[in-house]
Amino acid sequence: MQKLVIIGGGFAGFWSAMSAVRQARALGKCDELKISLISKDQYHSIRPRFYEADLASMRLPLIHHLTALNVGLIVGEVSSIDPDRQRIHLTGQAEGLVYDTMILSAGSTLKSLAIPGIEHAFNVDTFHAATALDRHLHRLAITGFSTSASRTVVVIGGGFTGLEVVTALPQRLGAYALNRPDFRLILLDRCAKLASNYSPDARQYIADQLAAANIEVWVKQEAVRIETDRLTLKSGHSIATETVIRTTGLEASPLTATLKGERDELGRLLVDRFLRVPGYDNIFAAGDAAKALVDSQHYAVMSCQHAIPQGKFAGHNAINALFGRALKPYSQPRYVTCLDLGTSNALFTIDWTRNLKLSGQPAKALKNEIVTQWIYPPADAEETIKLAVPEILAPS
Ligand SMILES: Cc1cc2nc3c(=O)[nH]c(=O)nc-3n(C[C@H](O)[C@H](O)[C@H](O)COP(=O)(O)OP(=O)(O)OC[C@H]3O[C@@H](n4cnc5c(N)ncnc54)[C@H](O)[C@@H]3O)c2cc1C
């Protein structure tokens with residue numbers, strides 16, 4: 001019996017499992033194969049939506065699809081990988097789990113920020129963190145947002161997630177306090193220019209929407225201390241606030257460091273065009289844990305846009321590697337971004353220059369469709385398998 005073990009139940013890991021089942025069936029190898037998926041928790045989390053207020057539909061039980069497809073679910077935390085002995089070690093378990101082929105799709109976590117009081121900052125990186133933020137806002141609402149510090153929210157980090165978090169706040173806080181006008185929202189970044197990787201028209205659009213929502217943008221500012229009621233900046237300035245949310249970038253799972261091979265500045269493992277980790281015939285990496293070329297010159301970014309198709313290629317290739325079949329090269333020339341900018345506003349860009357293609361309500365409708373439909377697997381496991389095809393999308 002061959003053993004395929006997938007680490008991670010996020011976008012890359014989930015779709016790896018679906019694609020592996022599909023390809024095993026295509027090769028008629030299901031009886032010779034045991035597929036297992038290890039995840040820290042029992043859920044397939046819809047992480048890109050954790051900045052929203054209502055978190056109810058953002059975790060899908062992995063067991064639902066996996067059991068239907070005879071994939072084993074192991075809930076536990078992988079502590080290390082021993083590629084020489086083909087073993088995966090889990091925290092608190094003496095026996096390692098043996099694999100013949102492995103897919104590392106353990107994703108990423110919020111980059112650490114070593115400043116005093118960082119534990120007082122909220123984030124939206126995980127379901128638990130997003131829930132903690134929600135509870136905190138709820139507590140402030142119960143006190144009636146009675147102090148100016150309770151009415152001031154500072155978001156540290158003006159990247160994609162920071163923009164989505166801060167532009168969601170007017171509606172989110174408004175729901176608690178009937179659009180109380182004296183909320184103060186600050187988006188703070190140490191860079192000189194926000195959204196610098198966007199085209200000038202997209203950047204201008206973002207700036208206009210921030211201004212229209214009365215969101216203060218503080219650039220070239222660095223947070224040096226966080227307290228429960230105050231944020232201090234390197235400039236010496238301090239802001240009275242009870243809510244600091246940090247969106248300071250992601251870094252790949254530390255498990256990437258347990259394998260040899262080149263890693264980038266985000267900790268991602270450089271993979272070959274089959275998503276294999278160089279130096280190992282039987283280890284693939286996908287999603288935020290991998291640095292994969294999507295065309296002749298661009299690397300995938302940490303996104304579910306890339307993690308989902310990479311999962312489909314990794315699952316397919318892992319099965320083919322196990323049974324001596326040809327591997328399929330991954331590529332994904334089409335690249336878009338869809339940035340939420342509040343209640344009825346978003347921005348949609350195409351290609352790597354991030355040119356503005358859609359904005360306002362049409363872009364918001366597209367964003368809603370992406371985050372409520374496209375990134376969710378069908379509820380039916382067999383329907384999901386039909387979508388688990390390693391396909392190369394043509395450029396837009
Ligand atoms: C607020 C926010 C907004 C975002 N918005 C967008 C967006 O609009 N568009 C977009 O494309 N992307 C967006 N992203 C990025 C996107 O969510 C990630 O790129 C995507 O989740 C990566 O998928 P993944 O499967 O590689 O990793 P993850 O989704 O992080 O999944 C990793 C999995 O591995 C498991 N795991 C991790 N470590 C271990 C371990 N040691 N042992 C066992 N299991 C482990 C986790 O439990 C999880 O199941 C956003 C992210 C955030 C946080």
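These are my notebook entries on a predicted model with a bound ligand.

**Entry 1: the ligand**

I started with the ligand and listed its neighbours. I found 29 residues around the ligand, and the closest are A12, R47, V78, D288 and C304. Sorted by type, the shell around the ligand holds 11 nonpolar, 12 polar and six charged residues.

I then looked up the backbone contacts to the ligand. V78 places a backbone N or O atom 2.8 Å from a nitrogen atom of the ligand. For S303, a polar backbone atom is 3.0 Å from an oxygen atom of the ligand. For C304, a backbone N or O atom is 2.9 Å from an oxygen atom of the ligand. I also checked the cover: the ligand taken alone exposes 990 Å², and the protein buries 90% of that.

Which elements give two or more residues to the shell around the ligand? I noted α1 (11-27), α4 and α6 (304-322). Of the elements, α6 gives the most, with three residues.

**Entry 2: helix α4**

I took α4 next, since α4 is on the list of elements that give two or more residues to the shell around the ligand. Helix α4 covers residues 160-177, which is 18 residues. I compared its length with expectation: at 1.5 Å a residue α4 should span 26 Å, and its end C-alpha atoms are 26 Å apart, so the two agree.

Where does α4 bend? I found a bend of about 40° at L169, and a proline, P170, follows within four residues.

I then went through burial in α4. The buried residues run from G162 through L163, E164, V165, V166, T167, A168 and L169, and also take in R172, L173, G174 and A177. L169, where α4 bends, is therefore one of the buried residues, given the cut-off of under 20% relative accessible area. For reference, an α-helix has 3.6 residues a turn, so residues three or four places apart point the same way.

**Entry 3: S19 in helix α1**

I moved to α1, where S19 is found. Is S19 buried or exposed? I noted 1% relative accessibility for S19, so S19 counts as buried. The side chain of S19 reaches the backbone nitrogen of H316 at 3.1 Å.

**Entry 4: T256**

T256 sits in the loop between β18 (250-252) and β19 (269-270). Its relative accessible area is 0%, so I recorded T256 as buried. What does the side chain of T256 contact? I found a polar contact of 3.1 Å between the side chains of T256 and R263.

**Entry 5: two positive phi values**

I looked up two residues that are not glycine and have a positive phi. N70 has a phi of about 60°, and phi of F145 is near 45°. N70 is in the loop between α2 (62-68) and β5 (72-75). F145 is in the loop between α3 (127-142) and β11 (152-156).

I then checked whether each is buried or exposed. N70 has a relative accessible area of 63%, so N70 is exposed. F145 has 2% relative accessibility, so F145 counts as buried.

**Entry 6: D82 and L327**

I checked two residues with values close to the cut-off, under 20% relative accessible area for a buried residue. D82 belongs to strand β6 (residues 78-82). At 19% relative accessibility, D82 counts as buried because the value is under 20%. L327 lies in the loop between α6 and β22 (336-340). Its relative accessible area is 19%, so L327 is buried too.

I also took one C-alpha separation for each. D82 and G9 are 73 residues apart along the chain, and their C-alpha atoms are separated by 20 Å. L327 and I215 are 112 residues apart in sequence and 49 Å apart in space, C-alpha to C-alpha.

**Entry 7: S344**

My last lookup was S344, in the loop between β22 and β23 (346-350). S344 has 41% relative accessibility, so I recorded S344 as partly exposed. How far is S344 from Q361, C-alpha to C-alpha? The two are 17 residues apart along the chain, and I found their C-alpha atoms separated by 5.4 Å.

Conventions. Residues are numbered from 1 along each chain as its sequence is written. This is a predicted model: local features need pLDDT of at least 70, side-chain atom pairs count only at pLDDT 80 or more; totals for chains, interfaces and linings use all residues. Side-chain values use heavy atoms; hydrogens and water are left out. The expected span of a helix is 1.5 Å times one less than its number of residues. The bend at a residue is the angle between axes fitted to the seven residues ending there and the seven starting there. Buried means under 20% relative accessible area, exposed over 50%, partly exposed in between (1.4 Å probe, protein chains only). A residue is near a molecule or strand if one of its heavy atoms lies within 4 Å of it. A polar contact is a pair of N or O atoms within 3.5 Å; within protein, one must be able to donate a hydrogen and the other to accept it, and residues adjacent in sequence count only if both atoms are side-chain atoms. Accessible areas come from the Shrake-Rupley method with a 1.4 Å probe; for residues, only the protein chains shown count as cover. Ala, Val, Leu, Ile, Met, Phe, Trp, Tyr, Cys and Pro count as nonpolar, Asp, Glu, Lys and Arg as charged, and the others, Gly among them, as polar.
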